[in-house]
Amino acid sequence: MTIIEMIKQPWPWYVAGPIIGLMVPLLLIFGNKSFGISSSLRHVCAACMPAKIPFFQYDWKKEIWNLFFVFGIFIGGILTAMYLKTDAAVVVNQELVNELSGYGINDYSSLVPLDLFNWASLSTPRGFVLMVIGGFLVGFGTRYAGGCTSGHAIMGLSNLQLPSLIATISFMAGGFIMANLILPHILSL
Amino acid sequence: MQNNIKDTNTDFEVKSLDAAMCVNEEEVKLPMWYNLQYLVFGVLFGIVLIKSEVVSWFRIQEMFRLQSFHMFGVIGSAVVVGAISVFLIKKFNIKTIRGEKIIFSDKTFNKGQIYGGLLFGFGWAMTGACPGPLFAQLGYGAATISITILMAIVGTWVYGKFREKLPH
(Lines give C-alpha, C1' and ligand atoms only; values in the text may rest on other atoms or scores of the structure.)
Protein backbone atom coordinates (compact mmCIF):
# COMPACT_ATOMS: atom_id res chain seq x y z
CA MET A 1 0.00 0.00 0.00
CA THR A 2 1.49 3.34 -1.00
CA ILE A 3 1.53 6.26 1.39
CA ILE A 4 -1.13 8.13 -0.54
CA GLU A 5 -3.41 5.08 -0.38
CA MET A 6 -2.84 4.90 3.36
CA ILE A 7 -3.73 8.57 3.76
CA LYS A 8 -6.91 8.00 1.81
CA GLN A 9 -8.15 5.45 4.35
CA PRO A 10 -10.12 6.74 7.35
CA TRP A 11 -7.61 7.79 10.00
CA PRO A 12 -7.77 6.06 13.39
CA TRP A 13 -8.43 8.16 16.48
CA TYR A 14 -4.89 7.79 17.80
CA VAL A 15 -3.54 9.45 14.66
CA ALA A 16 -6.15 12.18 14.26
CA GLY A 17 -6.52 13.12 17.95
CA PRO A 18 -2.84 13.93 18.56
CA ILE A 19 -2.63 15.96 15.31
CA ILE A 20 -5.67 17.97 16.40
CA GLY A 21 -4.07 18.42 19.83
CA LEU A 22 -0.90 19.71 18.15
CA MET A 23 -2.91 22.58 16.67
CA VAL A 24 -2.75 24.09 20.18
CA PRO A 25 1.07 24.53 20.39
CA LEU A 26 1.28 25.23 16.64
CA LEU A 27 -0.98 28.28 16.92
CA LEU A 28 0.66 29.40 20.18
CA ILE A 29 4.23 29.11 18.94
CA PHE A 30 3.68 30.49 15.45
CA GLY A 31 1.39 33.34 16.39
CA ASN A 32 0.53 33.47 20.10
CA LYS A 33 -3.02 32.49 19.18
CA SER A 34 -5.42 30.43 21.25
CA PHE A 35 -7.12 27.65 19.32
CA GLY A 36 -10.81 28.44 18.89
CA ILE A 37 -13.08 28.50 15.89
CA SER A 38 -16.58 29.62 16.82
CA SER A 39 -15.42 33.21 17.42
CA SER A 40 -14.98 33.42 13.62
CA LEU A 41 -18.79 33.62 13.44
CA ARG A 42 -18.69 36.63 15.76
CA HIS A 43 -16.05 38.30 13.59
CA VAL A 44 -18.26 37.79 10.53
CA CYS A 45 -21.11 39.52 12.40
CA ALA A 46 -18.80 42.33 13.54
CA ALA A 47 -17.49 42.80 10.01
CA CYS A 48 -20.73 42.49 8.05
CA MET A 49 -23.66 43.54 10.24
CA PRO A 50 -22.59 45.02 13.58
CA ALA A 51 -25.85 47.05 13.69
CA LYS A 52 -24.59 49.14 16.63
CA ILE A 53 -24.84 46.08 18.91
CA PRO A 54 -22.21 46.47 21.68
CA PHE A 55 -21.20 42.80 21.38
CA PHE A 56 -20.05 43.43 17.83
CA GLN A 57 -18.27 46.73 18.47
CA TYR A 58 -14.63 45.77 18.42
CA ASP A 59 -11.78 45.80 15.98
CA TRP A 60 -12.41 42.48 14.22
CA LYS A 61 -9.43 43.12 11.95
CA LYS A 62 -7.18 42.36 14.92
CA GLU A 63 -8.67 38.86 14.93
CA ILE A 64 -8.47 38.31 11.19
CA TRP A 65 -6.13 35.35 11.62
CA ASN A 66 -9.20 33.42 12.77
CA LEU A 67 -10.96 34.03 9.46
CA PHE A 68 -7.86 32.89 7.55
CA PHE A 69 -7.84 29.73 9.67
CA VAL A 70 -11.50 29.02 8.99
CA PHE A 71 -11.06 29.68 5.27
CA GLY A 72 -8.18 27.19 5.42
CA ILE A 73 -10.51 24.55 6.88
CA PHE A 74 -12.85 25.15 3.93
CA ILE A 75 -9.93 24.81 1.46
CA GLY A 76 -8.81 21.68 3.32
CA GLY A 77 -12.26 20.22 2.68
CA ILE A 78 -11.99 21.00 -1.03
CA LEU A 79 -8.49 19.50 -1.31
CA THR A 80 -9.57 16.34 0.53
CA ALA A 81 -12.52 15.94 -1.84
CA MET A 82 -10.21 16.41 -4.85
CA TYR A 83 -7.21 14.33 -3.89
CA LEU A 84 -7.83 12.21 -0.80
CA LYS A 85 -11.36 10.94 -1.27
CA THR A 86 -12.37 7.30 -1.00
CA ASP A 87 -15.53 5.83 -2.39
CA ALA A 88 -16.02 3.69 0.69
CA ALA A 89 -18.98 4.68 2.85
CA VAL A 90 -18.41 5.49 6.51
CA VAL A 91 -18.62 2.34 8.65
CA VAL A 92 -20.68 2.82 11.79
CA ASN A 93 -22.21 0.67 14.50
CA GLN A 94 -24.85 -1.72 13.11
CA GLU A 95 -27.33 -0.65 15.81
CA LEU A 96 -27.17 2.90 14.47
CA VAL A 97 -27.60 1.65 10.89
CA ASN A 98 -30.73 -0.26 11.94
CA GLU A 99 -32.14 2.69 13.85
CA LEU A 100 -31.53 5.22 11.06
CA SER A 101 -32.92 2.90 8.42
CA GLY A 102 -36.22 3.09 10.31
CA TYR A 103 -36.27 6.80 9.43
CA GLY A 104 -35.41 6.22 5.78
CA ILE A 105 -31.74 7.16 6.21
CA ASN A 106 -29.68 4.71 4.16
CA ASP A 107 -27.13 6.81 2.28
CA TYR A 108 -23.73 6.74 4.00
CA SER A 109 -21.75 8.04 1.03
CA SER A 110 -21.29 11.61 2.32
CA LEU A 111 -20.32 13.34 5.55
CA VAL A 112 -23.96 14.15 6.18
CA PRO A 113 -26.92 11.89 5.41
CA LEU A 114 -27.99 12.99 1.95
CA ASP A 115 -31.49 11.64 2.71
CA LEU A 116 -31.81 14.48 5.25
CA PHE A 117 -29.45 17.21 4.10
CA ASN A 118 -30.44 18.20 0.59
CA TRP A 119 -32.05 21.25 -0.98
CA ALA A 120 -35.43 19.57 -1.41
CA SER A 121 -35.61 18.45 2.20
CA LEU A 122 -35.06 22.03 3.33
CA SER A 123 -38.79 22.52 2.84
CA THR A 124 -39.70 19.39 4.81
CA PRO A 125 -40.24 19.75 8.56
CA ARG A 126 -37.35 17.51 9.61
CA GLY A 127 -34.91 18.92 7.07
CA PHE A 128 -35.80 22.47 8.09
CA VAL A 129 -35.42 21.73 11.79
CA LEU A 130 -32.07 19.97 11.39
CA MET A 131 -30.43 22.45 9.01
CA VAL A 132 -32.00 25.78 9.99
CA ILE A 133 -32.78 25.38 13.71
CA GLY A 134 -29.71 23.15 14.20
CA GLY A 135 -27.42 25.71 12.58
CA PHE A 136 -28.96 28.50 14.64
CA LEU A 137 -28.35 26.56 17.86
CA VAL A 138 -24.72 25.95 16.93
CA GLY A 139 -24.11 29.68 16.48
CA PHE A 140 -26.25 30.89 19.37
CA GLY A 141 -25.08 28.20 21.80
CA THR A 142 -21.35 28.47 21.10
CA ARG A 143 -21.31 32.22 21.55
CA TYR A 144 -23.50 32.03 24.67
CA ALA A 145 -21.05 29.46 26.05
CA GLY A 146 -18.06 31.52 24.89
CA GLY A 147 -16.57 28.76 22.78
CA CYS A 148 -17.07 25.45 21.03
CA THR A 149 -15.37 22.08 20.92
CA SER A 150 -12.08 23.66 19.88
CA GLY A 151 -12.08 26.70 22.18
CA HIS A 152 -13.48 25.02 25.29
CA ALA A 153 -13.05 21.25 24.95
CA ILE A 154 -9.57 21.30 23.42
CA MET A 155 -7.90 24.66 24.16
CA GLY A 156 -9.71 25.32 27.45
CA LEU A 157 -9.22 21.83 28.86
CA SER A 158 -5.58 21.82 27.71
CA ASN A 159 -5.12 24.98 29.79
CA LEU A 160 -6.97 23.31 32.72
CA GLN A 161 -9.79 25.86 32.79
CA LEU A 162 -12.70 24.81 35.01
CA PRO A 163 -15.26 26.89 33.03
CA SER A 164 -14.21 24.97 29.92
CA LEU A 165 -14.79 21.66 31.70
CA ILE A 166 -18.27 22.86 32.70
CA ALA A 167 -18.93 23.95 29.12
CA THR A 168 -17.67 20.66 27.69
CA ILE A 169 -19.86 18.63 30.05
CA SER A 170 -22.79 20.81 28.98
CA PHE A 171 -22.02 20.24 25.27
CA MET A 172 -21.99 16.50 25.86
CA ALA A 173 -25.14 16.56 28.00
CA GLY A 174 -26.95 18.58 25.32
CA GLY A 175 -25.80 16.16 22.63
CA PHE A 176 -26.92 13.11 24.59
CA ILE A 177 -30.33 14.64 25.28
CA MET A 178 -30.81 15.65 21.66
CA ALA A 179 -29.57 12.42 20.04
CA ASN A 180 -31.43 10.05 22.35
CA LEU A 181 -34.55 11.88 23.45
CA ILE A 182 -35.41 14.61 20.93
CA LEU A 183 -33.87 13.60 17.59
CA PRO A 184 -36.08 10.48 17.21
CA HIS A 185 -39.11 12.82 17.24
CA ILE A 186 -37.50 15.22 14.75
CA LEU A 187 -36.62 12.36 12.39
CA SER A 188 -40.22 11.13 12.59
CA LEU A 189 -41.60 14.49 11.47
CA MET B 1 -23.50 40.26 37.14
CA GLN B 2 -26.78 40.64 35.29
CA ASN B 3 -26.82 44.42 35.43
CA ASN B 4 -23.31 44.93 34.13
CA ILE B 5 -23.23 42.10 31.62
CA LYS B 6 -22.88 44.67 28.88
CA ASP B 7 -19.35 45.47 30.03
CA THR B 8 -18.43 41.97 31.17
CA ASN B 9 -16.42 39.77 28.89
CA THR B 10 -17.92 36.28 28.72
CA ASP B 11 -16.19 35.37 25.50
CA PHE B 12 -12.57 34.47 26.01
CA GLU B 13 -11.86 33.64 22.41
CA VAL B 14 -11.30 37.20 21.26
CA LYS B 15 -7.82 38.02 22.42
CA SER B 16 -7.95 41.74 21.68
CA LEU B 17 -10.90 41.99 24.10
CA ASP B 18 -9.10 40.32 26.98
CA ALA B 19 -7.34 42.35 29.65
CA ALA B 20 -5.35 45.24 28.20
CA MET B 21 -2.06 43.55 29.05
CA CYS B 22 -2.93 40.81 26.63
CA VAL B 23 -3.29 43.08 23.65
CA ASN B 24 -0.49 42.12 21.38
CA GLU B 25 0.40 45.32 19.61
CA GLU B 26 3.13 43.67 17.65
CA GLU B 27 0.50 41.85 15.64
CA VAL B 28 -0.62 45.15 14.19
CA LYS B 29 2.75 45.72 12.60
CA LEU B 30 2.87 42.34 10.91
CA PRO B 31 2.05 42.34 7.20
CA MET B 32 -1.21 40.82 6.03
CA TRP B 33 0.50 37.95 4.21
CA TYR B 34 1.67 36.74 7.61
CA ASN B 35 -1.87 35.50 8.12
CA LEU B 36 -1.38 33.00 5.31
CA GLN B 37 0.27 30.67 7.81
CA TYR B 38 -3.09 30.34 9.54
CA LEU B 39 -4.63 29.40 6.22
CA VAL B 40 -2.08 26.60 5.93
CA PHE B 41 -2.81 25.42 9.48
CA GLY B 42 -6.52 25.53 8.67
CA VAL B 43 -5.98 23.38 5.57
CA LEU B 44 -4.14 20.80 7.68
CA PHE B 45 -6.88 20.89 10.32
CA GLY B 46 -9.61 20.54 7.68
CA ILE B 47 -7.94 17.47 6.15
CA VAL B 48 -7.58 15.82 9.57
CA LEU B 49 -11.21 16.55 10.45
CA ILE B 50 -12.47 14.87 7.29
CA LYS B 51 -10.09 11.92 7.12
CA SER B 52 -10.74 11.05 10.76
CA GLU B 53 -14.50 11.26 10.07
CA VAL B 54 -15.08 13.48 13.10
CA VAL B 55 -17.10 15.76 10.82
CA SER B 56 -19.36 12.88 9.86
CA TRP B 57 -22.95 13.27 11.07
CA PHE B 58 -23.04 9.48 11.52
CA ARG B 59 -19.98 9.47 13.75
CA ILE B 60 -21.52 12.18 15.93
CA GLN B 61 -24.69 10.11 16.30
CA GLU B 62 -22.57 7.12 17.31
CA MET B 63 -20.77 9.20 19.92
CA PHE B 64 -23.96 10.47 21.54
CA ARG B 65 -25.38 6.93 21.62
CA LEU B 66 -22.14 5.53 23.14
CA GLN B 67 -21.91 3.12 20.20
CA SER B 68 -18.30 3.82 19.35
CA PHE B 69 -15.12 4.91 21.07
CA HIS B 70 -13.82 6.75 18.01
CA MET B 71 -14.94 10.33 18.81
CA PHE B 72 -14.04 10.03 22.47
CA GLY B 73 -10.61 8.74 21.44
CA VAL B 74 -10.07 11.68 19.08
CA ILE B 75 -11.18 14.38 21.51
CA GLY B 76 -9.53 12.68 24.50
CA SER B 77 -6.14 12.23 22.84
CA ALA B 78 -6.32 15.77 21.41
CA VAL B 79 -6.83 17.14 24.91
CA VAL B 80 -3.98 15.04 26.31
CA VAL B 81 -1.57 16.24 23.60
CA GLY B 82 -2.83 19.83 23.98
CA ALA B 83 -2.47 19.72 27.77
CA ILE B 84 1.06 18.30 27.62
CA SER B 85 1.98 21.02 25.11
CA VAL B 86 0.60 23.80 27.29
CA PHE B 87 2.33 22.32 30.33
CA LEU B 88 5.67 22.21 28.51
CA ILE B 89 5.27 25.74 27.15
CA LYS B 90 4.62 27.05 30.67
CA LYS B 91 7.27 24.95 32.39
CA PHE B 92 10.09 25.80 30.01
CA ASN B 93 8.78 29.28 29.28
CA ILE B 94 8.82 28.55 25.56
CA LYS B 95 8.54 31.66 23.40
CA THR B 96 6.90 32.20 20.04
CA ILE B 97 9.03 32.01 16.91
CA ARG B 98 9.41 35.79 17.14
CA GLY B 99 10.53 35.59 20.74
CA GLU B 100 7.36 36.84 22.43
CA LYS B 101 6.09 35.42 25.69
CA ILE B 102 3.17 33.08 25.04
CA ILE B 103 0.01 34.40 26.63
CA PHE B 104 -2.71 32.27 28.19
CA SER B 105 -5.94 33.86 29.30
CA ASP B 106 -7.92 32.47 32.21
CA LYS B 107 -11.65 32.06 31.76
CA THR B 108 -14.14 32.93 34.42
CA PHE B 109 -17.32 30.99 35.07
CA ASN B 110 -20.71 32.27 34.03
CA LYS B 111 -23.99 30.43 33.62
CA GLY B 112 -23.83 30.92 29.87
CA GLN B 113 -21.32 28.10 29.74
CA ILE B 114 -24.10 25.78 30.94
CA TYR B 115 -27.11 27.21 29.08
CA GLY B 116 -25.18 27.98 25.92
CA GLY B 117 -23.32 24.69 26.23
CA LEU B 118 -26.56 22.70 26.34
CA LEU B 119 -27.99 24.61 23.36
CA PHE B 120 -24.81 24.06 21.37
CA GLY B 121 -24.95 20.37 22.33
CA PHE B 122 -28.45 20.19 20.81
CA GLY B 123 -27.20 21.83 17.63
CA TRP B 124 -24.13 19.58 17.50
CA ALA B 125 -26.27 16.43 17.59
CA MET B 126 -28.70 17.87 15.01
CA THR B 127 -26.23 19.12 12.42
CA GLY B 128 -23.49 16.62 13.22
CA ALA B 129 -21.04 19.48 13.30
CA CYS B 130 -19.48 22.13 15.46
CA PRO B 131 -18.33 25.38 13.85
CA GLY B 132 -15.00 24.09 12.46
CA PRO B 133 -16.49 20.97 10.87
CA LEU B 134 -19.22 23.04 9.20
CA PHE B 135 -16.58 24.71 7.02
CA ALA B 136 -14.90 21.36 6.31
CA GLN B 137 -18.24 19.80 5.31
CA LEU B 138 -18.98 22.70 2.99
CA GLY B 139 -15.54 22.47 1.36
CA TYR B 140 -15.94 18.72 0.94
CA GLY B 141 -19.01 19.38 -1.16
CA ALA B 142 -22.02 19.28 1.17
CA ALA B 143 -23.46 22.43 -0.40
CA THR B 144 -26.59 22.55 1.78
CA ILE B 145 -24.30 23.15 4.77
CA SER B 146 -24.08 26.74 3.51
CA ILE B 147 -27.59 27.14 4.97
CA THR B 148 -26.43 25.72 8.31
CA ILE B 149 -23.42 28.07 8.37
CA LEU B 150 -25.63 31.03 7.49
CA MET B 151 -27.96 30.10 10.35
CA ALA B 152 -25.01 29.71 12.72
CA ILE B 153 -24.00 33.29 11.85
CA VAL B 154 -27.60 34.40 12.42
CA GLY B 155 -27.59 32.54 15.76
CA THR B 156 -24.41 34.34 16.79
CA TRP B 157 -25.92 37.67 15.79
CA VAL B 158 -29.15 37.02 17.69
CA TYR B 159 -27.10 36.10 20.77
CA GLY B 160 -25.22 39.40 20.47
CA LYS B 161 -28.47 41.30 20.05
CA PHE B 162 -30.18 39.82 23.13
CA ARG B 163 -27.07 39.14 25.20
CA GLU B 164 -27.93 41.63 27.94
CA LYS B 165 -31.33 40.03 28.48
CA LEU B 166 -29.98 36.48 28.85
CA PRO B 167 -28.94 34.96 32.19
CA HIS B 168 -25.17 34.81 32.56
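What share of the contacts in chain B with a separation of 6 or more comes from residues 24 or more positions apart? Hold that thought for a moment, everyone, and hello. One caution before the answer: what you see here is a predicted model.

So, the answer is 54%. Let me stay with chain B and fill in the picture. Its secondary structure amounts to seven helices and zero strands, and going along the sequence you simply read α-α-α-α-α-α-α. The C-alpha trace of this chain spans about 45 × 40 × 30 Å along its principal axes. As for burial, chain B has 168 residues, and 49% of them count as buried.

Now over to chain A, where I'd like to talk about domains. The domain assignment splits out domain 1, residues 1-85, and domain 2, residues 116-189. Taken over C-alpha atoms, the centres of these two domains of chain A are 18 Å apart. How many residues of domain 1 of chain A are in contact with domain 2 of chain A? Ten, and they meet ten residues of domain 2.

Let's look at the domain 1 side of that contact. Two elements of chain A each give two or more residues to it: α2 (13-31) and α3 (39-48). Of the elements there, α2(A) gives the most, with three residues. And for those of you thinking about chemistry, the residues on this side of domain 1 divide into five nonpolar, four polar and one charged.

To wrap up, then: chain B is seven helices with zero strands, and in chain A ten residues of domain 1 touch ten of domain 2. Thanks for listening!

Notes:
Residues numbered from 1 in each chain as written. Chains lettered and ligands numbered in written order. Predicted model: local features only at pLDDT ≥ 70, side-chain atom pairs only at ≥ 80, totals over all residues. Domains from an automatic or database assignment. Contact = placed C-beta atoms within 7 Å. Helix = DSSP H or I, 4+ residues; strand = E, 2+ residues; numbered from the N terminus. Nonpolar A, V, L, I, M, F, W, Y, C, P; charged D, E, K, R; others polar. Buried ≥ 20, exposed ≤ 12 C-beta atoms within 10 Å, placed from the backbone.
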